[in-house]
There are 2 protein chains.
Amino acid sequence: MRIGAIEAGGTKFVCGIGNEHGLIEDSISFPTERPDVTMGKVIAYFADKRPDAIGIGSFGPIGLRSGSPLYGYVTTTPKPGWERFDFLGTLKRSFHVPFGWDTDVNAAAYGEAVWGAAKGVDSCLYYTIGTGVGVGVYMEGRLVHGLVHPEGGHMLTRRHPQDDFPGLCPYHGDCLEGMASGPAIEARWGRKGAELPPDHPAWEMEAYYIAQSVSTAVLMTSPEKVILGGGVMQQAHLFPLIREEVRRNLNGYVSAEEIKSDIEHYIVPPGLGQQAGLCGALALGLRAYERARTSGAVS
Amino acid sequence: MRIGAIEAGGTKFVCGIGNEHGLIEDSISFPTERPDVTMGKVIAYFADKRPDAIGIGSFGPIGLRSGSPLYGYVTTTPKPGWERFDFLGTLKRSFHVPFGWDTDVNAAAYGEAVWGAAKGVDSCLYYTIGTGVGVGVYMEGRLVHGLVHPEGGHMLTRRHPQDDFPGLCPYHGDCLEGMASGPAIEARWGRKGAELPPDHPAWEMEAYYIAQSVSTAVLMTSPEKVILGGGVMQQAHLFPLIREEVRRNLNGYVSAEEIKSDIEHYIVPPGLGQQAGLCGALALGLRAYERARTSGAVS
């Protein structure tokens with residue numbers, strides 16, 4: 001089987017072809033430009049690959065409500081040309097195959113549930129903490145959409161007592177993204193996170209905000225696994241700091257051995273590593289293929 | 001059809017009999033004592049009622065993971081005799097009918113989804129704000145359990161700038177329950193909420209904490225409806241304060257007309273009023289009956 005996968009980020013696109021076991025056989029990456037340029041490259045990439053289905057995990061907000069006139073669109077974004085762009089429709093005109101369509105973080109959560117760190121459980125949260133912060137939500141075996149789709153990266157925060165950084169989210173100032181994204185680290189400390197040593201106070205503060213959000217998300221949604229990915233989480237020394245702070249926050253209230261005595265396997269990096277997003281899109285494509293086959297739309 | 005319903009609270013139990021349309025035909029209420037006394041009354045109530053199924057919404061934490069040795073139990077609680085009490089098993093020994101079993105707040109969320117304010121949508125949050133604070137989570141047409149079950153009442157809070165009340169949650173101090181429950185209002189202001197006039201500063205502060213939690217929960221889970229119930233929410237003047245503060249918090253970020261221009265119908269009181277919990281248990285019982293019938297266990 002040949003499943004197409006598109007990890008559509010605000011900064012770059014990754015397109016790939018993989019199989020039903022989650023193996024990516026080929027991929028390319030290019031910067032996100034205006035939709036006509038970018039979609040031209042996407043279509044050119046898949047043109048000779050004859051995919052059986054295509055899955056897309058897209059930056060957003062996007063339209064996910066089936067039946068809505070904006071289903072398949074990128075809805076509101078400051079990125080030139082992408083506001084109200086019919087992402088899915090554009091591809092459907094070129095490829096007559098089943099399509100999977102969800103947010104980039106939901107795709108990654110799903111990929112992790114199918115082949116990664118959340119394989120074998122029915123729920124997980126997937127955080128990406130990088131240029132922005134996003135949270136994919138997979139509960140009771142389903143990706144959560146609801147009214148629009150989760151936007152957990154913008155959760156309100158309780159301020160760290162030593163932190164006077166105002167936050168840089170244009171909507172909320174000191175929400176999670178405003179305080180803990182890569183650009184927030186750089187704006188607060190005057191240097192990129194990658195240039196700060198592991199014993200720099202930036203990391204204790206970073207762990208404080210991430211752990212606060214994870215604690216609240218665990219209380220709110222009770223996931224079986226919390227997966228932390230994205231550029232900032234390449235700093236592996238953050239994991240023990242975050243786990244310790246989550247334990248401190250919950251203070252024994254959630255009486256699950258997974259948290260109380262095995263938090264090292266509860267709050268984890270992506271099992272699919274840097275490929276979580278692309279494999280997630282692949283998993284969405286595979287699911288779309290299987291659903292279409294079940295319904296008789298493909299043989 | 002005759003469906004039994006049990007709303008098992010930490011302070012009082014309500015038992016009732018209702019039909020498949022959500023109509024409660026008879027009910028009784030008694031204080032929660034030790035399990036042997038309380039369960040004796042429950043069993044006596046249903047003994048001559050010949051229910052076709054029984055649904056239970058219970059205070060917790062409770063065991064919900066099927067296959068776990070603690071499935072059907074109240075797990076950890078300071079209430080004398082209830083810790084590790086086999087609630088479901090005790091009833092199953094007396095009544096050989098299908099049982100529904102979930103938390104009190106999940107039951108209420110489900111009742112609201114079937115017959116109440118969230119009828120016709122696939123997701124809602126049900127808050128109860130009273131002696132404690134709890135949040136039932138219904139997403140993509142399913143009640144959320146995950147690792148244990150949601151405990152959103154204990155979300156961390158950002159402190160109101162004029163509030164120096166330390167909070168009274170024994171686990172977290174100033175979590176949502178610690179700051180916004182009925183006992184927190186009374187401890188902070190020296191009077192019960194019901195005795196404070198609508199223009200008392202207590203209410204702006206109360207709305208601040210509730211709205212903060214609702215904002216974060218909306219960002220995290222994207223529900224189609226947010227239902228606020230419980231004793232504190234009997235103060236109807238809280239609703240406009242909360243809606244306004246949620247709108248201020250989100251600041252236009254969640255681009256859904258339901259929030260932007262119709263928040264009066266988005267953050268609402270229970271459609272089932274004070275019966276949300278009992279009707280929710282009824283809905284769980286009805287669902288258990290239907291599942292058993294589908295699987296051939298009852299005819």
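Strands E1 and E2 of chain A, the latter covering residues 12–18, pair in the antiparallel sense, over six bridges. Bear in mind that this is a predicted model. The connection from E1(A) to E2(A) is a hairpin of three residues. To pick out one position in this pairing, A:Glu7 has A:Val14 of E2(A) as its bridge partner.

E1(A) also pairs with strand E4 of chain A, residues 53–58, and here the sense is parallel, again with six bridges. In this pairing, A:Gly4 has its bridge partner in E4(A), namely A:Ile54. As for cover, E1(A) runs from residue 3 to residue 8, and five of its six residues are buried.

Now to the charged side chains. As a general point, side chains of opposite charge can pair when their charged atoms come close. How many salt bridges are there over all chains? The count is 18. I will go through three of them.

The first on my list is between B:Arg65 and A:Glu258, with an N to O distance of 3.5 Å. B:Arg65 sits in the loop between strand E4 and helix H2 of chain B, while A:Glu258 belongs to helix H8 of chain A, so this pair joins two chains. B:Arg65 is partly exposed, at 37% relative accessibility, and A:Glu258 is partly exposed as well, at 29%.

Next, within chain B, B:Glu33 and B:Lys41 form a salt bridge, and their closest N and O atoms are 3.1 Å apart. B:Glu33 has a relative accessibility of 36%, so it counts as partly exposed. B:Lys41 is at 33% and is also partly exposed.

Then there is the salt bridge of B:Arg159 with B:Asp174, where the closest N and O atoms are 3.1 Å apart. Both residues lie in the loop between strand E8 and helix H4 of chain B, 15 residues apart, and the pair links distant parts of the chain. Is B:Asp174 buried or exposed? At 15% relative accessibility, B:Asp174 counts as buried, because the cut-off for buried is under 20%. B:Arg159, at 32%, is partly exposed. A:Arg158 comes in here too: salt bridges with shared partners join A:Arg158, B:Arg159 and B:Asp174 into one network.

Last, the surface. Which residues form a positive surface patch? They are A:Arg142 and A:Arg291, together with B:Arg142 and B:Arg291. A:Arg142 is located in strand E8 of chain A, residues 142–143. Its relative accessible area is 35%, so A:Arg142 is partly exposed; residues in a patch need over 30%.

Notes:
Residues are numbered from 1 along each chain as its sequence is written. Chains are lettered from A and ligands numbered from 1 in the order in which they are written. This is a predicted model: local features need pLDDT of at least 70, side-chain atom pairs count only at pLDDT 80 or more; totals for chains, interfaces and linings use all residues. Side-chain values use heavy atoms; hydrogens and water are left out. Patches are made of residues with over 30% relative accessible area and no salt bridge: like charges are joined within 9 Å, nonpolar side chains (Val, Leu, Ile, Met, Phe, Trp, Tyr) within 5 Å. Accessible areas come from the Shrake-Rupley method with a 1.4 Å probe; for residues, only the protein chains shown count as cover. A salt bridge is a side-chain nitrogen of Lys or Arg within 4 Å of a carboxyl oxygen of Asp or Glu. Lys and Arg count as positive and Asp and Glu as negative; His and the chain ends are not counted. The place of a charge is taken as NZ of Lys, CZ of Arg, CG of Asp or CD of Glu. Helices (H or I, at least four residues) and strands (E, at least two) are DSSP runs, numbered from the N terminus. Buried means under 20% relative accessible area, exposed over 50%, partly exposed in between (1.4 Å probe, protein chains only). Two strands pair if DSSP finds at least two bridges between them.
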